[in-house]
Amino acid sequence: STIDSGACAERVDLFAYVILSAISTGLIYPICCHWAWHEDGWLKQMGYHDFAGSGMVHLTGGVSALLCSIVVGPRIGRFP
């Protein structure tokens with residue numbers, strides 16, 4: 001959940017980030033990892049090979065960061 005912290009920095013308060021982290025690590029990430037790493041996962045069955053787990057970690061973190069940026073919006077007044 002550290003990848004999306006950069007996207008949320010200075011945009012959300014601590015409580016909102018804790019909720020995002022809990023949902024990401026407790027719900028979203030395990031589901032995505034099951035798809036990629038478990039023998040019954042649909043990505044694994046399609047031939048997806050995740051070297052050292054870095055693909056799922058960065059994919060879920062990057063998508064989370066993108067969605068956080070879209071939902072929360074720009075940092076007002078940060079970059080003139």
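Burial, contacts and helix packing

Me: How do you know that valine 63 is partly exposed?
Reply: The relative accessible area of valine 63 is 41%. Buried means under 20% and exposed means over 50%, so valine 63, at 41%, counts as partly exposed. The model is a predicted one. Valine 63 lies in helix 4. From valine 63 to isoleucine 3 the C-alpha distance is 9.6 Å, although the two are 60 residues apart in sequence.

Me: What makes isoleucine 3 partly exposed?
Reply: Isoleucine 3 has a relative accessible area of 33%. Partly exposed covers the range between 20% and 50%, so the label follows for isoleucine 3. Isoleucine 3 is found in the segment before helix 1 (5-8).

Me: Which residues does isoleucine 3 touch, not counting residues up to four places away in sequence?
Reply: Isoleucine 3 touches Val57, His58, Gly61, Gly62 and Ala65. Threonine 60 is 57 residues from isoleucine 3 in sequence, and their C-alpha atoms are 8.9 Å apart.

Me: Why is alanine 52 called exposed?
Reply: Its relative accessibility is 72%. The cut-off for exposed is over 50%, so alanine 52 counts as exposed. Alanine 52 sits in the loop between helix 3 (42-45) and helix 4. Phi of alanine 52 is near 60°, a positive value in a residue other than glycine.

Me: Why is helix 2 called oblique to helix 4?
Reply: Helix 2 and helix 4 (residues 54-72) pack at an angle of about 135°, and their axes are 10 Å apart. Roughly antiparallel needs an angle over 145 degrees, and roughly perpendicular runs from 65 to 115. The angle of about 135° falls in neither range, so helix 2 is oblique to helix 4. The crossing of helix 2 with helix 4 is right-handed.

Me: What is the make-up of the contact of helix 2 with helix 4?
Reply: From helix 2, Leu20, Ser24, Tyr29, Cys32, Cys33, Ala36 and Trp37 meet Met56, Val57, Thr60 and Ser64 of helix 4. These residues divide into 8 nonpolar, 3 polar and no charged.

Me: What makes up the largest nonpolar core?
Reply: The largest nonpolar core has 5 residues, Cys32, Cys33, Ala36, Leu43 and Met56. Helix 2 (residues 14-37) gives the most to this core, with 3 residues. Membership requires burial, and the joining side-chain atoms must be within 4.5 Å.

Me: Which residues is methionine 56 in contact with, leaving aside neighbours within four places in sequence?
Reply: Methionine 56 is in contact with Tyr29, Cys32, Cys33, Ala36, Trp37, Leu43, Tyr48 and Asp50.

Terms used
Residues numbered from 1 in each chain as written. Predicted model: local features only at pLDDT ≥ 70, side-chain atom pairs only at ≥ 80, totals over all residues. Heavy atoms only, no water. Buried < 20%, exposed > 50% of the residue type's maximum accessible area, 1.4 Å probe, protein only. Helix = DSSP H or I, 4+ residues; strand = E, 2+ residues; numbered from the N terminus. Contact = heavy atoms within 4.5 Å. Axes fitted to C-alpha atoms, helices over the stretch in contact; angles between N-to-C directions. Parallel < 35°, antiparallel > 145°, perpendicular 65-115°, else oblique. Left-handed = near helix turned anticlockwise from the far one by under 90°. Nonpolar A, V, L, I, M, F, W, Y, C, P; charged D, E, K, R; others polar.
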